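Biologist: I should like a close look at one loop of this chain, beginning with a single position in it. Please then set that position against the rest of the fold.

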Amino acid sequence: VHAEFGDMPLVSISGSQRAPLPHARWLGTVHHGLPLELHQLGAGRGGYLAFLGRISPEKRLDRAIEIARRCGVPLRVAAKIDRADREYFDTRIRHLLDTPGVEFVGELGGASKDRFLGDARALLFPIDWPEPFGLVVIEAMACGTPVVAFRRGSVVEILDDGVTGFVVDTVDEAVAAVQQLDTIDRGRCRSVFEGRFSAARMARD
């Protein structure tokens with residue numbers, strides 16, 4: 001650590017990001033933020049669960065597919081496949097996309113991503129690595145969409161369990177959380193986003 005950073009002052013994007021470098025000269029933590037107008041509150045009327053991100057081993061799309069299948073809820077997958085993950089996709093994931101109820105829509109951006117998140121009942125975030133900050137989590141919150149996320153990395157810093165979604169440790173718990181989505185107020189999800197994850201708050205911090 002000292003060889004790489006010396007006494008360089010550092011700012012983390014989450015408390016979790018500091019874990020591998022506990023002796024670094026941390027000055028503070030600044031969570032990511034987004035412009036309030038970038039995403040709009042959605043009604044979640046699409047009737048599907050959403051997966052948004054890269055298709056890679058640590059993002060665990062396979063878990064998302066299992067969760068949706070066990071819940072009997074359609075899953076829409078908006079994801080890109082990096083060259084480094086092509087073999088993983090071909091050998092471990094491609095055949096799972098043929099599961100009934102799973103739709104692969106490719107990579108989305110702009111208004112298409114906004115609609116995709118806003119129409120979803122929930123975003124599934126079944127990661128299997130210490131993600132420093134899951135930007136997609138606050139994008140979903142900005143659309144009023146609750147998130148069902150595994151307890152890894154910064155998840156517990158970003159999500160308010162039972163308020164903006166559910167933090168889970170197993171697939172069984174994720175399945176149970178999907179059954180409780182009606183207890184989450186989408187308007188409150190958006191309000192939490194506006195209070196905690198705006199670009200203005202990030203700039204002030």
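**An exposed loop position and its setting**

Modeller: Ala-84 sits in the loop that joins E4 to H3. The model is a predicted one, and every value below should be read in that light. Ala-84 counts as exposed because its relative accessibility is 76%, where the cut-off for exposure is over 50%. Its place can also be gauged against a distant position: Val-163 is 79 residues away in sequence, and the two C-alpha atoms are 36 Å apart.

The elements on either side of this loop have another role. Strand E4 (75-80) and helix H3 (86-93) each give two or more residues to the largest nonpolar core. That core has 33 residues, and those that touch the most other members are Leu-49, Leu-61, Ile-67, Leu-75, Ile-93 and Leu-124. Strand E3 (49-54), helix H2 (61-71), strand E6 (122-125), strand E7 (147-150), strand E8 (165-168) and helix H7 (171-178) also contribute two or more residues each. The greatest contribution is that of H2, with six residues. In soluble globular proteins, nonpolar side chains tend to be buried together.

Ile-93 shows how one core member is placed. Beyond its neighbours within four places in sequence, Ile-93 contacts Ile-55, Leu-61, Asp-62 and Tyr-88. A separate core of 29 residues lies apart from the largest one; its members include Ala-50, Ala-149, Ile-158 and Phe-197.

Tyr-88 also provides a reference point for Cys-71, a residue of helix H2. Only 17 residues separate Cys-71 from Tyr-88 along the chain, yet their C-alpha atoms are 25 Å apart. Cys-71 has a relative accessible area of 15% and is therefore buried, the limit being under 20%. With neighbours within four places in sequence set aside, Cys-71 is in contact with Val-175, Val-178 and Gln-179. Ahead of H2, the loop from E3 holds Arg-60, a residue other than glycine that nevertheless has a positive phi of about 55°.

Val-163, the distant partner used for Ala-84, leads to helix H8, where Val-192 lies. The C-alpha atoms of Val-192 and Val-163 are separated by 8.8 Å, although their positions lie 29 residues apart along the chain. Val-163 is also one of the contacts of Val-192, together with Met-141, Asp-160, Thr-164 and Phe-197, when neighbours within four places in sequence are left out. Val-192 counts as buried at 14% relative accessibility.

Met-141, in turn, belongs to the buried part of H5, along with Val-136, Val-137, Ile-138, Glu-139, Ala-140 and Ala-142. Helix H5 (residues 135-142) is thus mostly covered, with seven of its eight residues buried. Among the elements that cover these residues are E3, helix H4 (110-119), E6, E7, helix H6 (155-158) and helix H8 (186-196). Just beyond H5, Gly-144 adopts a positive phi of about 75°.

A second loop residue offers a counterpart to Ala-84. His-39 is in the loop between strand E2 (25-29) and E3, but it is buried, with a relative accessible area of 3%. Apart from neighbours within four places in sequence, the residues in contact with His-39 are Leu-34, Lys-113, Asp-114, Glu-139, Ala-142, Cys-143 and Arg-190. Of these contacts, Glu-139 and Ala-142 are among the buried residues of H5.

The chain as a whole comprises nine helices and eight strands. Its radius of gyration is 17 Å, close to the 17 Å that the globule rule gives for 205 residues, so it is as compact as a globular protein of that length. The C-alpha trace spans about 55 × 40 × 30 Å along the principal axes. Buried residues account for 48% of the 205 residues. Among contacts with a separation of 6 or more, 68% join residues 24 or more positions apart.

The exposed area of the chain is about 10000 Å², of which carbon and sulfur atoms supply 49%. There are 26 positive and 28 negative side chains, and the centres of these two sets lie 2 Å apart.

How values were computed:
Residues are numbered from 1 along each chain as its sequence is written. This is a predicted model: local features need pLDDT of at least 70, side-chain atom pairs count only at pLDDT 80 or more; totals for chains, interfaces and linings use all residues. Side-chain values use heavy atoms; hydrogens and water are left out. Helices (H or I, at least four residues) and strands (E, at least two) are DSSP runs, numbered from the N terminus. The radius of gyration is taken over C-alpha atoms; the globule rule is 2.2 Å times the number of residues to the power 0.38. Buried means under 20% relative accessible area, exposed over 50%, partly exposed in between (1.4 Å probe, protein chains only). Contact means heavy atoms within 4.5 Å. Accessible areas come from the Shrake-Rupley method with a 1.4 Å probe; for residues, only the protein chains shown count as cover. Lys and Arg count as positive and Asp and Glu as negative; His and the chain ends are not counted. The place of a charge is taken as NZ of Lys, CZ of Arg, CG of Asp or CD of Glu. A nonpolar core is a set of buried Ala, Val, Leu, Ile, Met, Phe, Trp, Tyr and Cys residues joined through side-chain atoms within 4.5 Å.
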